[in-house]
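Subject: Structure for your review

Dear colleague,

I am passing on the structure we spoke about, together with the sequence, so that you can look through it at your own pace. My notes on what was found follow below it.

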Amino acid sequence: MAEVLEKEAFVLPENIVDRGSHYCPGCHHGIAHRLVAECLSELGLVDETICVSSIGCSVFIYNYIDMDTIEAPHGRAPAVVTGVKRARPDKFVFSYQGDGDLASIGLAESVHCANRGEKVSIVFVNNTVYGMTGGQMAPTTMIGQKTTTCPGGRCEDREGSPMKMAELMASLGGTAFSARVATNNMKNIVSAKRAIMKAFRCQTEGHGFGFVELLSACPTNWRMTPVAANERVEKEMIPYFPLGTYKDFE
Amino acid sequence: MSSARDGERIFIKGNEAVAHGALAAGCRCYFGYPITPQNDIPELLSSLIPAAGGQFVQAESEVAAANMLLGAASCGVRAFTSSSSPGISLMQEAISYMAGSQLPGVIVNMVRGGPGLGDIGPSQGDYFQAVKGGGHGDYRLFVLAPATCQEAYDFMIEAFHLAFKYRNPVMVLGDAILGQMKEPVTTWTPAAGDPLYHDDTEGAEWRLEGKGERPARLLKSLYLEEGALATHNRMLVAKHESMEQDARAEEFLCDDAELIVAAFGSIGRIVKSTVRNLRAKGHKVGLFRPITLFPFPTKQIDALAAQGKRFLTIEHNTGQMVDDVRLAVRHHADSAFFGCMPGDLPSPEDFVEPILNVLEGK
Ligand SMILES: Cc1ncc(C[n+]2csc(CCOP(=O)(O)OP(=O)(O)O)c2C)c(N)n1
Ligand code: SF4
């Protein structure tokens, strides 16, 4: 009898919707979605999850992951997540937010949600720019990085320095887990998944607020090829935004 | 209402009546941020709600409180927030999203003087904000205006019912007078069979709870596909129009009145005393007190206009509801206006001269 020599190399997680992507080529939101979907599925959470989607390119996360979802106003996802979790403490609740969303307009909501120790998880995608609105400066934009609202490059004297959210969140009493990972290469993606798993377990095991920051690429607004964008994550972002776990419940 | 209203009779403030009424309505979550003159509401609920097995959160801002309400409402639980004027302004973003996403929640505004920081005294300056939308986009809130502590209690029960009936945010619009005055209130809880009875399966067909075996649900206000927002907004308009069936007003001595004073909330109650006093002196005046400010009781007041009545609108502002009165009676009559300013606490005597002036055609 002939041996089966072929094995399926690419299998979609059960909760990923098989459809065309609206993200730009080389965008890391797609990778982050897949990691979130895999973690939800491996932890058996899909059926009891309520997702809070935010403003920005990722508002459409609900088009790709099959789960109950509510859309929050720009930056307010941590407050919406709080309301959802308080109303349904028995459900798994998480938000998925960009840097403009979480670190700028919604900074107060983010800090206070963490500080209260809400038993929720936040997946934070840091691509150092406002993607959806066409590449304006974000609180995480790096010194010297050109955006449409700092065309000469971000200047520390004028615009301040890029905010380090994983460290800031770790400093708050209510945070039980905070880590920064990157999605620019296989090795980093594997650790990114491990961190998301842990941020999710932080909630399911009752430890409290879990936060994971993903350093991600926005080739379109960085005006780079996907390959160059991945290199930028490695060479420019990681040295300023060090990868690692800043607070852990274990 | 079929429930016997034979509960305990307690002596409480209007703000406290709001809190007790919410609990009787089956409210499980409260989110708020301190602001005078409504602080008794969060202060009381911080112990009552947890004791009833619910959740109390003092949010970091009104922006956050209203968005927490949005989140809880998306789960189909009964939740509310309360504030006063400047705080309500901050809540408008979430209120607009709730209207767009068709979420049922209750917002209490104990209005104080504005604009800006204004003062902490009573005012009705937020009428426009409450009934014309307030936040961005084309939407309406269902707005109830209590005039007594008993109504503050009763209308909270009704507000939750209406919020779920229409899947729309409902505002209870009081003011500093109502919030701070104390009077006896008969407590009651709607019993099974009462239309206002709270059934735990409410919202079961749309609420978020994890998809389980069914297809995933999505609550949103974003409609980008061509024509999708137009369809959505047409549906919202039809919903707002259908609220008309629940429009309501109190008519006091209107039948044989020559002049009818339109006034709502606390001012409506003060005018009622003026009307009573003027009647004792033989003046044919009456009171029309809209209880629902949106939907406005247009048919009811227009029916009075058709009988040839004249109108005067009295408000604790520079003239807001008078626009709706004029619109409602326009085929038959007009309305004069008398406004008092925030900071003034009007007494029934203050309205005698303005009413007699209009009655005597001065
Ligand atoms: C109150 C409000 N202000 C501004 C906007 C416009 N807006 C939409 S997306 C966005 C930036 C999102 O950037 P980010 O959170 O970094 O997400 P990305 O698109 O990069 O994934 C802004 C400012 C809005 N929708 N609401
Ligand atoms: S603009 Fe940037 S963040 Fe948005 S989809 Fe394109 S690459 Fe991704």
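Of the 16 residues around ligand 1 in this predicted model, the ones that come nearest are His29(A), Cys57(A), Asp99(A), Asp101(A) and Gly131(A). When that shell is divided by residue type, it holds six nonpolar, eight polar and two charged residues, and its largest share, four residues, is supplied by helix α3 of chain A, which runs over residues 99-105.

Which backbone atoms does ligand 1 approach through an oxygen atom? A polar backbone atom of Gly100(A) is 2.9 Å from an oxygen atom of the ligand, a polar backbone atom of Asp101(A) is likewise 2.9 Å from an oxygen atom of ligand 1, and for Val129(A) the corresponding distance, again to a polar backbone atom, is 3.1 Å. On its own, ligand 1 has 590 Å² of accessible area, of which the protein covers 76%.

Ligand 2 is surrounded by residues of chain A, among them Tyr23(A), Cys24(A), Cys27(A), Asn127(A), Cys218(A) and Thr220(A). His29(A), Cys57(A) and Gly131(A), which are listed among the nearest residues of ligand 1, also belong to the residues around ligand 2. Here the shell divides into six nonpolar and five polar residues, with no charged ones, and helix α8 of chain A (residues 219-222) gives the largest share, three residues.

As for annotation, the unreviewed UniProt entry assigns "domain: Thiamine pyrophosphate enzyme TPP-binding" to residues 59-192 of chain A. In the model, the C-alpha atoms at the two ends of that span lie 21 Å apart, and the span is 33% helix and 19% strand.

Turning to chain B, you will find an open sheet of seven strands with mixed pairing, in the order β3-β2-β4-β5-β7-β6-β13. Its edge strands, each of which pairs on one side only, are β3 (55-58) and β13 (292-294), and neighbouring strands of the sheet are turned against each other by 20° on average, with direction ignored. Within this sheet of chain B, strand β2 (residues 29-32) and strand β4 (residues 79-83) pair in the parallel sense over two bridges, and Cys29(B) has Ala79(B) in β4(B) as its bridge partner. In general, the strands of a sheet pair through backbone hydrogen bonds, either parallel or antiparallel.

With best regards

Technical notes: Residues numbered from 1 in each chain as written. Chains lettered and ligands numbered in written order. Predicted model: local features only at pLDDT ≥ 70, side-chain atom pairs only at ≥ 80, totals over all residues. Heavy atoms only, no water. UniProt positions renumbered as here; feature names shortened; annotations may be inferred. Near = heavy atom within 4 Å. Polar contact = N/O pair within 3.5 Å; in protein donor to acceptor, adjacent residues only side chain to side chain. Areas by Shrake-Rupley, 256 points an atom, 1.4 Å probe, with all protein chains shown as cover. Nonpolar A, V, L, I, M, F, W, Y, C, P; charged D, E, K, R; others polar. Pairing = 2+ DSSP bridges. Axes fitted to C-alpha atoms, helices over the stretch in contact; angles between N-to-C directions.
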